[in-house]
Amino acid sequence: MSSKYWEHYPHPADMGIRGFGPNLAGAFEQAALALTAVITDLQTIEPKEKVEISCQEQDNELLFVGWLNALLYEMATKRMLFGKFEVKIKNGRLNANAWGEEINVEKHNPTVEVKAATYGDLKVEQDKNGNWMAQCVVDV
Amino acid sequence: MCAENLKRRSEFEWYIEPTGKMHVPVVIYADKQLIDAMDDQVYRQASNVASLPGIVKASYAMPDAHWGYGFPIGGVAGFDPEMGGVISAGGVGFDIACGVRALLTGLTASDIEPYRNQLADMLAKRIPAGLGSRGKLRLNRTEMDDMLVGGAEWAVERGYGNRSDLERIEERGRMKEAQPRFVSDHAKKRQEDEVGTLGSGNHYLELQKVVELYDELNAKSFKLAVNDIVVSIHCGSRGLGHQIGTDYLPKMVKTAQSMGIELPDRELACAPIKSDIGRLYIGAMNCGINCAVANRQVLTHLVRQVFSDLLPKANLVLLYDVSHNTCKVEQHSIQGQTKKLYIHRKGATRAFGPGHPSLPSDLIKTGQPVLIGGTMGTASYILVGTEKGMDLSFGSCCHGAGRAMSRKQATKRWHGRDVIRSLAEKGIIVRGASIRGVAEEAPGAYKDVSAVVEATEKAGLAKKVAKLEPLICVKG
């Protein structure tokens with residue numbers, strides 16, 4: 001398995017999302033894909049439009065949830081879905097580009113709306129090989 | 001759950017002694033079967049809540065309790081501001097004042113039989129539901145603030161419903177403590193066109209039929225008879241509530257840290273009630289409650305329009321509106337002393353008993369109607385609050401069936417089309433925007449709502465009045 005991937009894990013009420021990457025930013029990008037995959041099939045989203053997102057937090061865990069919630073805000077207010085991400089993190093500040101398109105119910109057949117990323121089951125960790133993992137429960 | 005960790009106090013009450021950092025015991029109301037099926041995480045999360053500052057009496061879990069984030073879903077906890085008590089954004093959750101309302105229709109099953117498909121189609125068409133849907137209202141900032149201050153009263157003043165509706169909403173549809181200036185621009189932006197939308201997930205609009213009465217006297221007071229058609233709406237505070245939670249959680253994590261409150265789980269983020277951040281959150285959260293009841297009020301108007309176009313003899317009267325994700329200031333008697341407490345209910349319904357001063361005059365003798373939502377394929381229940389429940393759980397009971405299985409497991413086991421087909425065979429019409437969404441909400445993914453309600457009644461938290469089964473279900 002490559003060092004860069006995402007997955008969902010079961011949670012009784014909601015959904016657990018997890019991203020892995022060779023660095024922190026990579027894990028955050030993958031987790032954003034996991035978040036979007038809760039809502040729709042990633043393959044259906046075309047990267048037609050770019051949106052810039054930034055946020056800042058005191059530690060990696062708060063930054064991770066802050067990033068996902070900033071993304072949810074853009075999705076909700078711009079009525080968009082994003083399928084491609086580029087994240088940069090420096091000194092607790094995150095700057096990202098997200099590419100996607102306006103929601104089209106016929107095309108994207110969205111399953112569910114994600115209300116928020118939560119601090120439930122929140123972990124941002126580096127393994128002994130230096131790879132990063134970021135996970136939390138999202139409220140649907 | 002490992003039942004050996006619990007002491008059984010009676011057939012329906014389980015107890016965990018306070019250990020370590022817990023200030024109070026955990027009390028779980030359930031029968032043996034529900035306890036056996038309960039996740040260990042309920043025990044852990046309820047114990048974590050018991051360790052928060054200023055908690056009074058006990059950290060309670062209702063019979064439908066399951067693993068949440070921070071608080072268990074089905075968790076109830078009261079905090080005393082005079083004892084350093086806290087308010088927790090995690091203890092309210094991201095769908096502030098998510099709740100259920102039930103409308104009497106004055107129709108019976110045979111009245112709607114010829115119109116069932118038409119009704120399902122019209123409701124699905126006119127009720128904005130699912131991701132990306134917009135309401136017909138667009139609120140500018142002044143109107144937004146008016147809505148956040150006025151709640152359901154705001155909606156009624158703008159022609160969405162009648163003044164008599166307000167009598168049947170908790171706090172008459174308006175939380176006076178709401179402070180729109182403590183709600184971020186982000187939250188208001190998210191809500192601009194979401195008033196009058198259903199949302200998605202477990203939210204629904206159902207037409208239900210009363211199939212059984214358990215308590216003729218209270219059923220009569222609630223104007224419920226077998227075969228009556230009832231409309232049930234389950235939804236919450238939409239984007240505004242989600243964003244208030246999102247905004248205040250990180251602030252409360254930092255406040256807790258700076259004030260030396262140790263959080264066993266960051267999702268328990270909280271602040272003393274008597275702190276700046278506590279006061280800000282209380283003002284904002286009450287806007288969330290007002291937003292949710294305004295939303296259900298506008299949806300009620302849309303449903304009334306559908307009936308007036310299709311079945312004009314219908315008369316939709318609000319039976320009651322309950323919110324099940326809230327923190328409310330209430331008077332409770334603690335060891336003979338009346339105290340003002342902040343009662344968190346996370347996936348738990350307020351269930352005030354007879355004689356409670358907050359009830360409208362025509363419900364004061366019966367107690368508060370308690371609306372328990374089931375799943376698409378099973379049943380919903382109408383209960384009534386009890387005097388005993390006031391003492392057992394600050395006047396609280398279960399809120400629904402409670403999930404037994406994750407969404408991921410549900411989609412592995414069922415396909416949405418099969419779920420819709422098998423429900424159709426039982427005479428239930430489902431209109432849902434998403435096939436996968438229907439699979440995630442498959443009836444089998446939930447606990448047995450009848451077992452939950454049975455345990456609720458036997459524990460004394462509330463009393464059964466009527467059982468209802470769905471005929472039409474509109475999902476987001």
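In chain B of this predicted model, strand E3 (residues 26-29) and strand E4 (residues 55-69) pair in the parallel sense, with 3 bridges between them. Within this pairing, B:Val26 of E3(B) stands opposite B:Ser59 in E4(B). E3(B) is also joined to strand E2 (residues 13-16) of chain B, here by 4 bridges and in the antiparallel sense. One position in that second pairing is B:Glu13, whose bridge partner in E3(B) is B:Tyr29.

The two faces of E3(B) can be read from its side chains. B:Val26 and B:Ile28 lie on one side, B:Val27 and B:Tyr29 on the other, and all four are buried, so that both faces of the strand are covered. B:Val26 thus appears both among the buried residues of E3(B) and opposite B:Ser59, while B:Tyr29 is buried and is the bridge partner of B:Glu13. As for confidence, chain B has a mean pLDDT of 95, with 99% of its residues at 70 or more. The model scores ipTM 0.95 and pTM 0.97.

Chain A contains 3 helices and 8 strands. Read from the N terminus, its elements follow the order β-β-α-β-α-β-β-α-β-β-β. The C-alpha trace of chain A spans about 45 × 35 × 30 Å along its principal axes. Its radius of gyration is 14 Å, which agrees with the value near 14 Å for a compact globule of 140 residues. Buried residues account for 49% of the 140 residues in chain A. Of the contacts in chain A between residues at least 6 apart in sequence, 60% join residues at least 24 apart.

The two chains meet where 30 residues of chain A are in contact with 38 residues of chain B. On the chain A side, the elements that give two or more residues are strand E1 (5-10), helix H2 (60-78) and strand E8 (132-139). H2(A) gives the most, with 6 residues. Sorted by class, the side of chain A that touches chain B has 17 nonpolar, 9 polar and 4 charged residues.

H2(A) can also be checked for its length. It has 19 residues, and at 1.5 Å a residue it should span 27 Å; the end C-alpha atoms are 27 Å apart, so the expected span and the model agree. The expected figure is 1.5 Å times one less than the number of residues. Just after H2(A), A:Arg79 takes a positive phi of about 50°.

Note on methods: Residues numbered from 1 in each chain as written. Chains lettered and ligands numbered in written order. Predicted model: local features only at pLDDT ≥ 70, side-chain atom pairs only at ≥ 80, totals over all residues. Contact = placed C-beta atoms within 7 Å. Nonpolar A, V, L, I, M, F, W, Y, C, P; charged D, E, K, R; others polar. Rg over C-alpha atoms; globule rule 2.2 N^0.38 Å. Buried ≥ 20, exposed ≤ 12 C-beta atoms within 10 Å, placed from the backbone. pLDDT = per-residue confidence, 0-100. Pairing = 2+ DSSP bridges.
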